[in-house]
Amino acid sequence: MKKLIIISALCILLFIIIISVSSQKIEYGNNFSNSYFSDLKKCCKTAMIIVPHQDDEINVAGTMIKNLVENQCNVIVVFATNGDQSKQGKKRILEGINSCKVLGVKENNIFFLGFGDTWNQSKYKHIYNAPGNEPMTSFAGYKSTYGISSHPDFATRKYGRPCIYTRNNFLKNIKDIITDFLPDQIYCIDFDAHPDHRAVSLLFEEALCQILKSRENYTPDVYKGFAYSTAWLAIDDFYNINMYSTKKPSLFHLQNQKYETDVPQYKWSDRVRFPVSKDILTHSISRNPISKALLEHKTPRAFGMAPKIINSDEVFWHRPTSSIIYTSQISASSGNANYLNDFKLLDCTDITKASNVEYHNCLWLPDANDKKKEVTIKLNKARDINQICLYDNFDLNSNILSGIITFSDNSLIKFGPLNSNGAKSCINFLTKKNISYFKLKIISYEGNRPGLSEIEAFSPNRKKRCHLIKIVDKDNDMFIYRFFVEKNKREELLNIYQYPDSLDYRIKILNQTKSKAHLIHNKILFEEGFKYCKVRVELKNNSQVYDEVEFVKLNTLDIFVYNCTKFISKIETNSIKICNWIFD
């Protein structure tokens, strides 16, 4: 009997050891790296996150906040509203502070503009669509900005007193906080389904345009992202042995299903994809820093959205700010040419409309009887130019098919057709020296409303951005860090993601002699007995830009342990959600 007890105890101990070893095997670990993170230290001293509500900092840029903080960037988080539709604004302010602190943001770097969440006036529906100096009352009954005693609103911190709720004050607050810090990078909410999100997105673009027009040498990297379609309403896809990247938004969640995203001009293929820090890569929801930050947002019960929000990349669309058009004089043969350098891709007269949004006041549309259909851009001083980017009318039935750009040196360039959804169409050419003006003329088109939403022109000496290169699983378009190769898998197709440009690269297996793995072009082949290999991709002309990832073969026990881990994590998640409901 004693022997049986000893043998049983040893068996249990052995089983625990085996499970423990296998658990370590399916963890992501630390044996992978990417040059992007070290480059982030060089290219970003200060970053600003601008979002409407407390929890949107996670929806829009939770992973980026973590990346930036870990790489010694000074991170400023700006909440435009107090999220007080449920009349719990002061509670949500505290939740926002606690959430940001979980991600490492310093408390004195957290700002609240203190505006309302939704508005009472049926006449204007929203502060964004109200006249500039019209006083407004928020849904919660407030008439001016507010914070809490330990954390006053931005206007009180800056001017010594709160400001009245008006559109102009909202715009001024956003402009002032950007001007106070002049961040190297700005991550901001984009035009998605919530009226407050739309308002902050559009007011930010107005404010930034005013800054760009007055500060010619200030050219921050601006990244716009969605809180809903790529986060809050995204696919619940956390529980996968290899963490999925952000999925393309479901048509069901889009405002207009004719387009790929909630901004008509954005192509999904043009999204900027940033990798995530090692802390994000865990199979346990409860240990994930994004989940921990979401847990602080008890009012909107945000924790339950963690499996939708957490992915192996974070997605934005880059909005360049170094165009020389912002300080230029623009005129047209007809139509409103001021829309062409206002930094806005779209606008609307009623931002509260839930779907099929009617876009207005955002396009240069020449008159139907205008035979010239021409725009003249007079630069504030002679410039060198090597690229012009045009954003066509995003009405899919009205497209510019061809046109001519004539420069002050009497040279000309033909262009067309432009991207029909209004996505950026860039015309590259050998540098033209000392250009003082250029003219753009529409030659042929289809539909009844040919026009443009924006024109950008760039000099060859514009600021260079840090280069990112990343190995991707081709089948699932998934960023790879430590890739778990399941049983009977014999090959894996790879892609290489690069941003901002596609450059020549080399890819190799670092432990080739022992790995029992081989690379043929971008396909990795696993021999019988394969257990582990490490793969590196780097730029041919700059080996300091690189990505290193791992491939680990799993056996039946490993898969069993992962399934147990997943089961436990789901129980943890549901238990936390239930506790939040009961005790909140």
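Student: In this predicted model, is Cys 44 buried or exposed?
Tutor: The relative accessibility of Cys 44 is 1%. The cut-off for buried is under 20%, so Cys 44 counts as buried.

Student: Which cysteine sulfur is nearest to that of Cys 348?
Tutor: Cys 348 takes part in no disulfide. A disulfide needs two cysteine sulfur atoms within 2.5 Å, and the nearest one to Cys 348 is 8.6 Å away. Cys 348 has 4% relative accessibility and counts as buried. The nearest cysteine sulfur is that of Cys 362.

Student: How many disulfides does a search of the whole structure find, and which residues form a disulfide?
Tutor: The search finds one disulfide. The sulfur atoms of the pair lie 2.3 Å apart, inside the limit of 2.5 Å. The residues are Cys 389 and Cys 426.

Student: Where in the chain do Cys 389 and Cys 426 sit, and how many residues apart are they?
Tutor: Cys 389 belongs to strand 10 (residues 374-392), and Cys 426 to strand 13 (residues 424-446). The pair links distant parts of the chain, with a separation of 37 residues.

Student: What is the handedness of the disulfide between Cys 389 and Cys 426?
Tutor: The torsion about its S-S bond is about 100°. The disulfide is therefore right-handed.

Student: Which accessibility class does Cys 426 fall in?
Tutor: Its partner Cys 389 has a relative accessible area of 1% and is buried. Cys 426 has 36% relative accessibility, which lies between the limits of 20% and 50%. Cys 426 is therefore partly exposed.

Student: Which residues touch the most other members of the largest nonpolar core?
Tutor: In soluble globular proteins, nonpolar side chains tend to be buried together. Here the largest nonpolar core has 123 residues. Helix 7 (residues 195-214) gives the most to this core, with ten residues. The members that touch the most others are Leu 68, Ile 178 and Tyr 187.

Student: How many residues are in the second, separate core?
Tutor: Among its members are Ile 325, Ile 388, Ile 405 and Ile 442. The count for this core is 27 residues.

Student: Which cysteines are in contact with Leu 68, leaving aside its neighbours within four places in sequence?
Tutor: The contacts of Leu 68 include Leu 40, Ala 47, Ile 49, Val 75, Gln 185 and Tyr 187. The cysteines among them are Cys 44 and Cys 73.

Student: How far apart in space are Tyr 187 and Met 64, C-alpha to C-alpha?
Tutor: Tyr 187 is in strand 5 (residues 185-189) and is buried, at 0% relative accessibility. Tyr 187 touches Met 64, and also Ala 61, Leu 68, Tyr 223, Phe 274 and Phe 316, among others. Tyr 187 and Met 64 are 123 residues apart in sequence, yet their C-alpha distance is 8.7 Å.

Student: Is Asp 176 buried or exposed, and which residues is it in contact with beyond four places in sequence?
Tutor: Asp 176 lies in helix 6 (residues 167-181). Its relative accessible area is 14%, so Asp 176 is buried. Leaving aside neighbours within four places in sequence, its contacts are Phe 154, Lys 158 and Tyr 159.

Student: Which residues make the nonpolar surface patch of about 320 Å²?
Tutor: One of the patch residues, Ile 568, lies in helix 12 (residues 556-583). The patch is made by Phe 567, Ile 568 and Ile 571.

Student: What is omega for the peptide bonds from Gly 416 to Pro 417 and from Tyr 499 to Pro 500?
Tutor: Most peptide bonds are trans. The bond into Pro 417 is cis, and Pro 417 lies in the loop between strand 12 (412-415) and strand 13. The bond into Pro 500 is also cis, with Pro 500 in the loop between strand 18 (491-499) and strand 19 (505-509). Omega is near -5° for Gly 416 to Pro 417 and near 10° for Tyr 499 to Pro 500.

Student: What are the phi values of Lys 516 and His 521?
Tutor: Most residues other than glycine have a negative phi. Lys 516, between helix 11 (512-515) and strand 20 (517-520), is partly exposed at 40%, while His 521, in the loop between strand 20 and strand 21 (523-526), is exposed at 72%. Both phi values are positive: about 60° for Lys 516 and near 55° for His 521.

Technical notes. Residues are numbered from 1 along each chain as its sequence is written. This is a predicted model: local features need pLDDT of at least 70, side-chain atom pairs count only at pLDDT 80 or more; totals for chains, interfaces and linings use all residues. Side-chain values use heavy atoms; hydrogens and water are left out. Helices (H or I, at least four residues) and strands (E, at least two) are DSSP runs, numbered from the N terminus. Buried means under 20% relative accessible area, exposed over 50%, partly exposed in between (1.4 Å probe, protein chains only). Patches are made of residues with over 30% relative accessible area and no salt bridge: like charges are joined within 9 Å, nonpolar side chains (Val, Leu, Ile, Met, Phe, Trp, Tyr) within 5 Å. Accessible areas come from the Shrake-Rupley method with a 1.4 Å probe; for residues, only the protein chains shown count as cover. A salt bridge is a side-chain nitrogen of Lys or Arg within 4 Å of a carboxyl oxygen of Asp or Glu. A nonpolar core is a set of buried Ala, Val, Leu, Ile, Met, Phe, Trp, Tyr and Cys residues joined through side-chain atoms within 4.5 Å. Contact means heavy atoms within 4.5 Å.
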